[in-house]
Structures are given as structure tokens and as C-alpha cells.
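With the model open in your viewer, please follow the stops below in order, making each selection before reading on.

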Amino acid sequence: MRFIQSPERRMHVHDAGAGSDTGSAPLLKRSPLLFGFVVTLGALGAVATGYMLYGLRSIIFSVFLAAFATVGLDPLIRWFQRHGMKRAWAIVTVILLIVGVLVAIIWVVVPLIVQQITNLATAIPAEVEKLRAEGWFDSTNEASNGVLGQALTWVSDQVKNPQTWANIGNGLVGVGLSVLNGFTTGFFIAILTIYFIASYDSTKASLYHLVRKSHREQFEGYTERILQNFGKYLSGMVILAFFNATYSLILLLVTGVPGAFLIALAAFFITLIPLIGTVLTTILMTVLALIHSPVSAIVVLVFMLIYMQVEAYILTPKVMGKAVQVPGSVVLISALAGSTLFGLPGALVAIPISAGIILIIKEVVMPRKDRS
């Protein structure tokens, strides 16, 4: 038997279908006013979120640095483990080392820095006047059309300017804050790093469980490799910077350049800048040594050039090994981009991030493209 719908029934079905079509239509067509209201709320929420994140930028950056410090200290913990120490005791040992470094900075390094700044602020103007009294200065200044004299005058004026030393202090703490805020932030980062080190493995295990089980093993493998590269790179850079600072301190003490400890401390942080750090250190040390004595400048320049070759062909391959395999152009671009955005810490972490991205592209993205 064929079922025939009445006209009223057909009209009801048609109206219901039209209603469903209207309900499935985009919000912009159904209610432009409501759509604009929702978009405005979303934009205001995004602006408010961005404003809150900007207000918390120092805390977020401190957490970021503490996380990278934790990754950089992990190879040291594993080194203690390889030498027969249990992981718990290795973590305790590293934490005690961090506490020891903090105590040394507070009780030894800070007073020494203040003393060196005071001595250097009075010694450099005296050295400039002494250099002007040298017999060869006038003829050399005339040959350079007064450029040498203007340069020395600028150096002397900058040394006498308190703002110069304030800017140097801000640069040494690496976060662009005042000296007091810089040490406070550094102390907070150190304490946070201790907490991160203690819960490093458990935190990684918890994060791995957020990944789908079918992809978890592959994700964990790539993550562990990237973190190991991070750790090897960061610890390697610190070791190379320590070698450079120690060598610079000895060289400056031998040549009698004033403010040797402060210059060596600055060299430690400058050397952390990839590729150009040692070059900048050499230029800075040579200029300051030239103000003290031309002979000292020549000695510093020659021995720093020798050290640069030793660092490039002996120390760097031994310390860094194959931790980060990144092309030189990518290293330079990453360092410049990182330093532009976040200063010295940004330059320090930009290269291992680039290495991780390259690893993912080579072993995940490119194989998928080849299979497609």
C-alpha cells in the first residue's frame, strides 16, 4: 500500500527542513550582530591574555631559563651516575654545587666585582692620560686625523659615566634588569632549577603520558635525543666559556692590564655567544690592553689569536663532540635572531632549538614527504 502524505503534512516537513537549514547556517548569516559580539569578545580575550603574559614576561623567562639550566646540568648528573653514583646522590651533589656557586657569588664574586669596577673607573682615565704623554701618540694621532685622540677621549668619558657601569651590570646579569633585580632573578632561577632537577625524570614521564600511546614511543625517542643535544651543547658552551675566562684572566694578570678579574668575568658571558663570542672578547681585551700599553696590546692580541685556533681545532671538537650538528649559516642566523629577541640567553638557547628543529625535519617531515 502506498502512503500518501496530506498537504498539511508536506508543508510541515518542508518548514522543519527549512528550519534545520537555518540552524546549520553560519553564525554570520543567521545573526551578524551576535557574530560581531562573539568576535569582539574573542579579540578582547586575546588582548587581555597577551597583556597578562606580557606582565608575567620576567617570570615566564625565568622559568624558561631554569628549564634550560636543568637540561644543561643533566649531563653532569649522568656523568656522576656513570662513575658509580646513584641518581639520587648525583642530584644531591649537583644541588650542593649550585648552592656552593651561589654562596661564592654572594660572598666572593660580588665584592670583588665592586672593587674591580672602582679600580677600573679610576685606572682607565689615568692610563689614557699616560698614553697621551707617550712620544709616538701625537704623530699617530695626526696620521689618523685625530681619530685616535677622539676614540681615547670617548673611552675616558664612558668610563667616568656611572650609567656605563650600570649598563655593564645589566648586561652581565643577562636579563636587562637592574643589578638588584638581576641578582634576585638569578637567585629565583637557581632555586627553581634545583626543584626542576629533583623532579626532572618524573616530569618527563608525566609529559610523555599526554601523548597518544601509539605515538608515545617515537615521540619519547626524539624528545630524549633533542634534550641530550640541548644538555651537551649548553654544558659544552659553559665549559668553553670557563676555559676562555680563565685563560683571559691569566693573560691579563701577566700583562698587567687593570681590572683583569672584571674583564675575565665579562669574557665568560661574551664567550657564550656562539661563533663571535671569542672574537668580541679578543677585541675588548686588546683595546683595554692598548690603553694600558701598546706592548701589552700586542701580547694580548697574539696570544688570544693563538687561543682562538686552539679553541676552534682542539677544545671545541673535544668538548662539544657531535652534540649539535647545525650548518654554520644556521648557527649565525639563530644566534643573531635569539640575541635580538632575548639578549644573551636567547643567543645561548637559539642554536640547540635550531638543532632540534633540523632533527625533526630530517627524521620526521622529510620521510613523510618521501612516502607521500
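The tour goes from the whole chain to a pair of helices, then to the cores and to single residues.

**The whole chain**

Begin with everything displayed as a cartoon, keeping in mind that this is a predicted model. The protein chain has 15 helices and zero strands, and of its 372 residues 33% count as buried. If you switch on a surface, you are looking at about 23000 Å² of accessible area, with 71% of that area belonging to carbon and sulfur atoms. Among the contacts in the protein chain with a separation of 6 or more, 66% are accounted for by residues 24 or more positions apart.

**α10 against α11**

Next, select residues 200–208, which are α10, together with residues 213–255, which are α11. Two packed helices are described by the angle between their axes and by the distance between those axes. Here the axes of α10 and α11 come within 10 Å and cross at roughly 145 degrees, and the crossing is right-handed.

Now show side chains where the two helices meet: on α10 these are Tyr200, Lys204 and Tyr208, and on α11 they are Arg216, Phe219, Glu220, Thr223, Glu224 and Leu227. The residues of this contact divide into four nonpolar, one polar and four charged.

Stay on α10 and centre the view on tyrosine 208. Is tyrosine 208 buried or exposed? Tyrosine 208 has a relative accessible area of 7%, and since buried means under 20%, this residue is buried. Apart from residues up to four places away in sequence, tyrosine 208 touches Arg216, Phe219, Glu220, Thr223, Glu224 and Leu227. A distance label drawn from the C-alpha of tyrosine 208 to that of glutamate 220 should read 6.6 Å, for two residues that are 12 apart in sequence.

**The largest nonpolar core**

In soluble globular proteins, nonpolar side chains tend to be buried together. To see the largest nonpolar core of this model, select Phe68, Val71, Leu227, Phe230, Tyr233, Phe268 and Leu272, which of its 18 residues touch the most other members. The elements giving two or more residues to this core are α4 (57–82), α10 (200–208), α11 (213–255) and α15 (328–371), and α11 supplies the largest share, eight residues.

Zoom in on phenylalanine 230, which, leaving out residues up to four places away in sequence, touches Phe68, Val71, Pro352 and Ile353. Then move to a second, separate core of 14 residues, whose members include Leu240, Leu251, Ile263 and Val300.

**Single residues to visit**

Continue along helix α11 to alanine 245, which counts as buried because its relative accessibility is 10%. Its contacts, not counting residues up to four places away in sequence, are Ala264 and Phe268. The C-alpha atoms of alanine 245 and isoleucine 270 are separated by 9.6 Å, although these residues lie 25 apart along the chain.

Then select helix α9 (residues 179–198) and pick out isoleucine 194, which at 15% relative accessibility also counts as buried. Which residues does isoleucine 194 contact once its neighbours within four places in sequence are left aside? They are Ile95, Ile98 and Val99. The C-alpha atoms of isoleucine 194 and valine 92 are separated by 9.3 Å, with their positions 102 residues apart along the chain.

Finish in helix α13 (residues 277–292), at valine 279. This residue counts as partly exposed, because its relative accessibility is 35%. As a last selection, take valine 279 with methionine 308, 29 residues apart along the chain, whose C-alpha atoms are separated by 8.1 Å.

Note on methods. Residues numbered from 1 in each chain as written. Predicted model: local features only at pLDDT ≥ 70, side-chain atom pairs only at ≥ 80, totals over all residues. Heavy atoms only, no water. Core = buried A, V, L, I, M, F, W, Y, C linked by side-chain atoms within 4.5 Å. Buried < 20%, exposed > 50% of the residue type's maximum accessible area, 1.4 Å probe, protein only. Helix = DSSP H or I, 4+ residues; strand = E, 2+ residues; numbered from the N terminus. Contact = heavy atoms within 4.5 Å. Areas by Shrake-Rupley, 256 points an atom, 1.4 Å probe, with all protein chains shown as cover. Axes fitted to C-alpha atoms, helices over the stretch in contact; angles between N-to-C directions. Left-handed = near helix turned anticlockwise from the far one by under 90°. Nonpolar A, V, L, I, M, F, W, Y, C, P; charged D, E, K, R; others polar.
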